[in-house]
Amino acid sequence: MTSTNDIRRSFLDYFEGQGHARVPSAPLVPHNDPTLMFVNAGMVPFKNVFTGLETRDYSTATSSQKCVRAGGKHNDLDNVGYTARHHTFFEMLGNFSFGDYFKEQAIHHAWTLLTKEWGLPAEKLTATVYHTDDEAFDLWRKISGLPEERIIRIATKDNFWAMGADGPCGPCSEIFYDHGEQIEGGPPGSPNEEGDRFVEIWNLVFMQFTQENDEIVGDLPKPSIDTGMGLERIAAVMQGVHDNYDTDQFKALIAASEELTKTRAEGESQASHRVIADHLRSASFLVADGVLPANEGRGYVLRRIMRRAMRHAHLLGAEEPLMHRLVPELVSEMGGAYPELVRAQPAIEQALQQEETRFRRTLANGLKLLDEATQGMGEGDALPGETAFKLYDTYGFPFDLTEDALRREGMSVDREGFDAAMAKQKAAARAAWKGSGEQASDELWFDIADEVGATEFTGYASHEGEGMV
Ligand code: ATP
Ligand code: MG
Ligand code: MG
Ligand code: MG
């Protein structure tokens, strides 16, 4: 079996062999980009190279970039544990051309690596192109020999990429792997494309135009290439499993949580083990890059991730803090590729243990309240926003944790009511403060709420999608 670590290495070796500079992953907290919460794609650290603001001593590069998608527009948090292919933290393998090669070479490299180097069967692969991109369609025909019906023209934004309202943009091409008809879901563009049968493994972006105010105004002087392939997804393909959570590294993490909780990742417990394994990765890598749990901004996203995992640990019957005890397994799986994980191991363990100790003080009581509040509620019902707010305010339950807790019962949470309860308390607190002469402590919740935009961080500026390939 090809391990995840082998696949990462093999990808980087291939592109290095093709003259690409091998560039280490940038930290998850983006430098010089306050509009982006976390790095969410391999191209993010190269943004200024693409726009020409910055030059490097290479014109092609390859990397395996740490990514987090747990907030803002590209929020995969709610998918975790429930789809086979989404994580909050994942590694994006990429090759980049800064005005060097373009479409033909990009497609050639992708096809060669997948089918020749790695030997994936061509009949399992499907490509999509932007509906007007005849050039890409013809190149796919020529290079891969895929039949026309497996080069699918897509007219949606899924196949058109832009850095922002102004800047480089262009069509893209997504490569899908067919995991087989035993799994539900249709090919991209079909009415039943939702589902996990056809999994997108690689996205090739052809930066070709420049736009202003979302309108194409001309051709880029130097067309460029940005690609991204999810390491965990290609690992599933190459290890002959359908589900990312059945790949070597996830299996090792899940085995560790099974061992510690004396439960099996089956039936009702499966999602919990998956959430724990996924969130362990994102939480640990975030701490390694200097983020700590807090009530605002990046730290609040981290806290939400941690607490969500901690509720699942509690569900599995853990009576003591659990997450920090899984860190050694993670370090042994991923510390070789990411030495920062090894260096930060003590800090990660401490942050997790402290947060879990703290949250456990209110967790059981909060869940009791939630239990009582949902008595008599049934599938399709929504928990009153006031209750969700009380859980947030008194018991430290992030909004999405409450949502996640009700999901199994098919119930939702009244978001509007929650926001209204938040606004009411905020107004009352402000009024109570008037003239008291006290200095506002930054721990006070309404400052926090101001910063985080109610309870869920949605504070990405309008360019939040910038990092996407
Ligand atoms: P999807 O449509 O499956 O959500 P995407 O189009 O949002 O994927 P891209 O932004 O194109 O993803 O990212 C490039 C690649 O990164 C994808 O082709 C996929 O292999 C991988 N990827 C994207 N999101 C995730 C995630 N949440 N977890 C794991 N891998 C991911
Ligand atoms: Mg997505
Ligand atoms: Mg997609
Ligand atoms: Mg994509």
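## A guided look at salt bridges, loops and magnesium

Guide: Welcome! Asp400 is buried, with a relative accessible area of 2%. Please keep in mind that this is a predicted model.

Visitor: Is Arg308 buried or exposed?

Guide: Buried means a relative accessible area under 20%. Arg308 has 2% relative accessibility. That value falls under the cut-off, so Arg308 counts as buried.

Visitor: How far apart in sequence are the parts that Asp400 and Arg308 tie together?

Guide: The side chains of these two residues, Asp400 and Arg308, meet in a salt bridge, with N to O at 2.6 Å. Asp400 lies in helix 12 (residues 399-407), while Arg308 belongs to helix 8 (residues 297-315). The pair therefore ties together parts whose separation in sequence is 92 residues.

Visitor: Which residues do salt bridges with shared partners join into one network along with Asp400 and Arg308?

Guide: We have just seen that Asp400 and Arg308 meet in a salt bridge. Salt bridges that share partners join this pair with others into one network. The other members are Asp78, Arg304, Arg311 and Asp404.

Visitor: How many salt bridges does the count come to?

Guide: To be counted, a side-chain nitrogen of Lys or Arg must be within 4 Å of a carboxyl oxygen of Asp or Glu. One that qualifies joins Arg141 and Glu148, whose closest N and O atoms are 3.9 Å apart. By this rule the count comes to 27.

Visitor: Which strand does Arg153 lie in?

Guide: Arg153 forms a salt bridge with Asp134, and their closest N and O atoms are 2.8 Å apart. Asp134 lies in helix 4 (residues 134-144), so the pair ties together parts that are 19 residues apart in sequence. On the other side of that tie, Arg153 lies in strand 5.

Visitor: What is the relative accessible area of Asp134?

Guide: Both partners in this salt bridge are partly exposed: Arg153 has 37% relative accessibility, and Asp134 also counts as partly exposed. Partly exposed residues fall between the buried limit, under 20%, and the exposed limit, over 50%. For Asp134 the value is 42%.

Visitor: Which value of phi does Asp214 have?

Guide: Most residues other than glycine have a negative phi. Asp214 is not a glycine, yet its phi is positive. This residue, Asp214, sits in the loop between strand 8 (198-212) and strand 9 (215-230), and it is exposed at 56%. Its phi is near 65 degrees.

Visitor: Where is the place of Lys262?

Guide: Lys262 is not a glycine either, and it has a positive phi of about 55 degrees. With 69% relative accessibility, Lys262 counts as exposed. Its place is in the loop between helix 6 (248-261) and helix 7 (269-288).

Visitor: Which residue bridges the magnesium ion (ligand 4) and the magnesium ion (ligand 3)?

Guide: Ligand 4, a magnesium ion, is coordinated at 2.1 to 2.2 Å by Glu174 (OE), Glu200 (OE) and Asn203 (OD1). Its donors follow the spacing E-x25-E-x2-N along the chain. The two magnesium ions, ligand 4 and ligand 3, lie 3.2 Å apart, and the residue bridging them is Glu200.

Visitor: Is Asn203 buried or exposed?

Guide: Among the donors of ligand 4, Glu200 is partly exposed at 22% relative accessibility. Asn203 has 4%, and the limit for a buried residue is under 20%. Asn203 therefore counts as buried.

Technical notes:
Residues numbered from 1 in each chain as written. Chains lettered and ligands numbered in written order. Predicted model: local features only at pLDDT ≥ 70, side-chain atom pairs only at ≥ 80, totals over all residues. Heavy atoms only, no water. Helix = DSSP H or I, 4+ residues; strand = E, 2+ residues; numbered from the N terminus. Buried < 20%, exposed > 50% of the residue type's maximum accessible area, 1.4 Å probe, protein only. Donors = N, O, S within 2.8 Å, 3.2 Å for Na, K, Ca; no water.
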